[in-house]
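Student: I would like to go through this model by asking about its parts in turn. Please give the reasoning before each result.

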Amino acid sequence: MPSKGDEDFVPKKKEGECVKVVVRVRPLSRKEIQDGHDEATKADEDSGRITCQNPKADADEPPKCFTFDAVFAPSITQRKLYDVCSAPVVASVLEGFNGTIFAYGQTGAGKTFTMEGVQDPPELRGIIPNAFQQIFDRVALAAEGVQFLVRASYLEIYNEEVRDLLAKDPKNRLDLKENVDSGVYVKDLTSFIVKSSHEIDQVMQAGKKNRSVGATAMNAGSSRSHAIFTIIVECCDSTGTVRTGEHITVGKLNLVDLAGSERQSKTQATGDRLKEATKINLSLSALGNVISALVDGKSQHIPYRDSKLTRLLQDSLGGNTKTVMCANCGPAGYNYDETVSTLRYANRAKNIKNKPKINEDPKDAMLREFQDEIARLKAQLQGKGTYDENGEWQGEQKEYKEVEKIVHKEVIKEVTVGVSEEELSKARDRVETNR
């Protein structure tokens with residue numbers, strides 16, 4: 001009978017795959033070194049174990065130990081961390097799976113550095129920019145007959161309000177909606193179609209300027225909101241290698257930088273900072289409750305609706321997604337309680353079972369809409385058809401009907417199709433003339 005201790009609990013095998021959990025221990029900060037703090041938390045990369053020694057405990061008290069899919073010592077490079085825990089998820093998204101990578105941990109533990117890193121030098125770039133590069137490296141190698149469409153959105157959850165970081169007014173509150181086909185989504189969320197890693201990086205940098213940050217006693221640039229950068233990759237394979245005709249897959253990648261859990265006694269937060277911390281802790285608590293309900297095997301109800309964060313991550317926790325959690329920890333002894341709390345949180349998460357599957361030929365694939373539009377315009381340019389008096393397309397090729405579309409899920413800011421602007425302009429003029 002296995003022990004039910006922190007490190008040894010083994011869940012019963014079920015169908016699906018577990019959430020992958022990795023832990024990163026950051027180096028001691030300059031201030032921690034100046035204040036004389038010692039390392040109490042250490043990572044053994046070879047065994048995948050984290051050990052935490054309580055600085056207030058008796059000398060003969062053994063350290064707490066936890067085992068994860070992978071652990072990273074302070075010396076780990078950004079690239080190696082990405083290759084181990086993120087690259088496989090991004091590769092799956094390119095195949096049509098959903099993927100989520102999120103960073104969790106105490107405030108000041110290095111979550112934003114793990115997810116974003118810094119622009120220069122390139123080796124310090126985090127998971128998000130490295131994912132950009134991997135996606136567009138793959139797009140560049142696409143065989144003839146394989147098309148990709150990549151679009152990106154960026155939102156934050158600030159004080160339990162969902163905000164669009166790419167909108168003209170990023171402080172406007174957006175609503176969460178739900179439908180049978182796509183699950184939970186954000187109504188009117190801005191989405192940009194991007195054609196290179198440089199373009200998608202520009203999108204991220206533009207949104208980053210609008211993100212809510214503030215100074216606390218523990219972190220001069222503390223994230224005051226949860227941020228989710230979403231990349232949707234549509235792929236249309238018409239080579240016939242998968243099946244006769246076109247095969248469309250849609251992969252969705254959520255890159256999540258959670259705000260850190262806080263203790264007011266350490267952050268010395270007051271006023272707005274304290275209100276923000278309260279909301280952050282409540283949503284992280286709701287996330288913990290969802291994780292607990294998923295792994296205890298007894299809960300009839302999973303409380304996804306208790307926070308905006310858990311609703312948006314609903315598919316990532318127990319649903320149709322390949323999920324990686326990167327728990328970030330500070331090594332100093334004075335953070336022992338918070339570090340052990342983070343590790344216990346992460347230890348529960350690794351027992352969550354997801355059921356990922358490839359998203360094939362979804363009804364709302366934009367590639368198909370664009371292909372229909374291109375075919376219609378090209379047919380019109382070639383003079384093989386026209387609109388009748390009722391506004392319906394009549395011609396040698398497929399009959400096309402102009403349909404008024406209400407885009408309720410997202411606002412597409414740029415649409416690039418396979419004909420030139422001049423051709424599009426002529427086609428529009430001809431439409432007006434024929435009407």
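Student: In what order do the 3 strands of the open sheet lie?
Tutor: The model is a predicted one. Its open sheet is built from 3 strands with antiparallel pairing. Strand S3 (41–44) and strand S5 (64–67) are the edge strands, each pairing on one side only. The order is S3-S4-S5.

Student: What is the average twist from one strand to the next?
Tutor: The strands concerned are those of the open sheet S3-S4-S5, paired antiparallel. From one strand to the next, the twist averages 20°.

Student: Which residue in S5 stands opposite Cys-52?
Tutor: Strand S4 covers residues 49–52 and pairs with S5 in the antiparallel sense. The pairing runs over 4 bridges. Opposite Cys-52, in S5, stands Lys-64.

Student: At about what angle to S5 does helix H10 run?
Tutor: Helix H10 comprises residues 336–349 and lies across S3, S4 and S5. S5 is one of the edge strands of that sheet. The angle between H10 and S5 is about 35°.

Student: Turning to charged pairs, how far apart are the closest N and O atoms of Arg-151 and Glu-234?
Tutor: The structure holds 14 salt bridges, and Arg-151 with Glu-234 is one of them. Arg-151 is in strand S8 (residues 146–158) and Glu-234 in strand S16 (residues 226–237), so a salt bridge, which needs nitrogen and oxygen within 4 Å, links parts of the chain 83 residues apart. Both Arg-151 and Glu-234 are buried. Their closest N and O atoms are 2.8 Å apart.

Student: Are Arg-163 and Glu-156 buried or exposed?
Tutor: The side chains of Arg-163 and Glu-156 meet in a salt bridge at 3.8 Å, N to O. A residue is buried when its relative accessible area is under 20%. Arg-163 has 9% relative accessibility, so Arg-163 passes that test. Glu-156 has a relative accessible area of 1%, so Glu-156 is likewise buried.

Student: How many residues apart in sequence are the parts tied together by Glu-178 and Arg-311?
Tutor: The side chains of Glu-178 and Arg-311 form a salt bridge, 3.1 Å from N to O. Glu-178 belongs to strand S11 (residues 176–179) and Arg-311 to helix H9 (residues 308–312). The parts that this pair ties together are therefore separated in sequence by 133 residues.

Student: What are the relative accessibilities of Glu-178 and Arg-311?
Tutor: Buried means under 20% relative accessible area, and partly exposed lies between that and 50%. Glu-178 is partly exposed because its relative accessible area is 43%. Arg-311 counts as buried because its value is 13%.

Student: Which residues are joined into one network by salt bridges that share partners?
Tutor: Arg-163 and Glu-156 already form a salt bridge. Shared partners bring these two together with a further residue, and the network consists of Glu-156, Arg-163 and Glu-161.

Student: Which residue in S13 is the bridge partner of Val-150?
Tutor: S8 and S13 run antiparallel and are joined by 3 bridges. Strand S13 (residues 189–194) is mostly covered, with 5 of its 6 residues buried. The partner of Val-150 in S13 is Val-194.

Student: Where is the cis peptide bond that involves Pro-121?
Tutor: Pro-121 sits in the loop between helix H4 (111–115) and helix H5 (127–140). Omega is about 0° for the bond in question. The cis bond joins Pro-121 and Asp-120.

Student: What is the phi of Asp-188?
Tutor: Asp-188 lies in the loop between strand S12 (183–186) and S13. Asp-188 counts as partly exposed because its relative accessibility is 36%. Glu-160, in the loop between S8 and strand S9 (161–164), is not a glycine and has a positive phi near 65°. Asp-188 is not a glycine either, and its phi is positive, about 65°.

Student: For the protein chain as a whole, what percentage of residues count as buried?
Tutor: The chain's secondary structure comes to 12 helices and 22 strands. Among contacts between residues at least 6 apart in sequence, 71% join residues at least 24 apart. The chain exposes about 21700 Å², of which carbon and sulfur atoms supply 47%. Of its 435 residues, the buried share is 48%.

Technical notes:
Residues numbered from 1 in each chain as written. Predicted model: local features only at pLDDT ≥ 70, side-chain atom pairs only at ≥ 80, totals over all residues. Heavy atoms only, no water. Pairing = 2+ DSSP bridges. Helix = DSSP H or I, 4+ residues; strand = E, 2+ residues; numbered from the N terminus. Axes fitted to C-alpha atoms, helices over the stretch in contact; angles between N-to-C directions. Contact = heavy atoms within 4.5 Å. Buried < 20%, exposed > 50% of the residue type's maximum accessible area, 1.4 Å probe, protein only. Areas by Shrake-Rupley, 256 points an atom, 1.4 Å probe, with all protein chains shown as cover.
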